[in-house]
Amino acid sequence: MSTALNLAMQITANTQGVSAAVGNVNKSLESMAAAGKKAAADLGVLKTIEISRLFVTAVTNAASSFQSLVTGAASSVASI
């Protein structure tokens, strides 16, 4: 009987240690999940900034091309 009681106490002690370790692992995983969500949000902001930058560059290039076209047309009309 004493051996069974000792064995039961050891199993209980071992499972309590496992339970504490699982709690620590869960906290670490929750922290990693939060960091992952923040990184995803930060990447979304960077993507938006880059798309906006490309749009502004495209509009600037189009305006420059239009200005060159108008200047060339004005020169052609002036030479007639």
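In the predicted model, Ala-39 is partly exposed, with a relative accessible area of 37%. This residue has its place in helix α1, an element that comprises residues 2–79. The chain contains one helix and zero strands. The separation between Ala-39 and Ser-75 illustrates the geometry of the chain: the two residues are 36 positions apart along the chain, and their C-alpha atoms are separated by 54 Å. A further pair is formed by Ala-78 and Thr-12, which are 66 residues apart in sequence and 98 Å apart in space, C-alpha to C-alpha. Ala-78 is likewise found in helix α1, and with a relative accessible area of 66% it is classed as exposed, the cut-off for that class being over 50%.

The overall dimensions of the chain were also computed. Along its principal axes, the C-alpha trace spans about 120 × 10 × 5 Å. The radius of gyration is 35 Å, whereas a compact globule of 80 residues would have a value near 12 Å. None of the chain is classed as interior: of its 80 residues, 0% count as buried, a class that requires a relative accessible area under 20%. The chain exposes about 6,800 Å² in total, and carbon and sulfur atoms supply 70% of that area.

On this surface, a nonpolar patch of about 400 Å² is made by Leu-43, Val-45, Leu-46 and Ile-49. One of these residues, Val-45, lies in helix α1 and has a relative accessible area of 47%. Val-45 is therefore assigned to the partly exposed class, since a residue counts as exposed over 50%.

Charged side chains form two salt bridges in the structure. In one of them, the side chains of Lys-38 and Asp-42 meet at 3.1 Å, N to O. Because Lys-38 and Asp-42 are four residues apart in helix α1, about one helical turn separates them. The two partners fall into separate accessibility classes: Lys-38 is exposed, with a relative accessible area of 53%, while Asp-42 counts as partly exposed at 36%. The other salt bridge joins Arg-53 to Glu-50, with the closest N and O atoms 2.5 Å apart. Arg-53 and Glu-50 are three residues apart in helix α1, so that they too are separated by about one helical turn. Arg-53 is partly exposed, with a relative accessible area of 45%, and Glu-50 is also partly exposed, at 36%.

A polar contact involving the backbone was found at Ser-52. A polar atom of the Ser-52 side chain lies 2.9 Å from the backbone oxygen of Thr-48. Ser-52 has its place in helix α1 and, at 39% relative accessibility, counts as partly exposed.

Taken together, the computed values describe a chain with one helix and zero strands, in which 0% of the residues count as buried. The side-chain features described for this helix include the salt bridge between Lys-38 and Asp-42, the salt bridge between Arg-53 and Glu-50, and the contact from Ser-52 to the backbone oxygen of Thr-48.

Note on methods: Residues numbered from 1 in each chain as written. Heavy atoms only, no water. Helix = DSSP H or I, 4+ residues; strand = E, 2+ residues; numbered from the N terminus. Rg over C-alpha atoms; globule rule 2.2 N^0.38 Å. Buried < 20%, exposed > 50% of the residue type's maximum accessible area, 1.4 Å probe, protein only. Areas by Shrake-Rupley, 256 points an atom, 1.4 Å probe, with all protein chains shown as cover. Patch = residues over 30% accessible without salt bridge, like charges linked within 9 Å, V, L, I, M, F, W, Y side chains within 5 Å. Salt bridge = Lys/Arg side-chain N within 4 Å of Asp/Glu carboxyl O. Polar contact = N/O pair within 3.5 Å; in protein donor to acceptor, adjacent residues only side chain to side chain.
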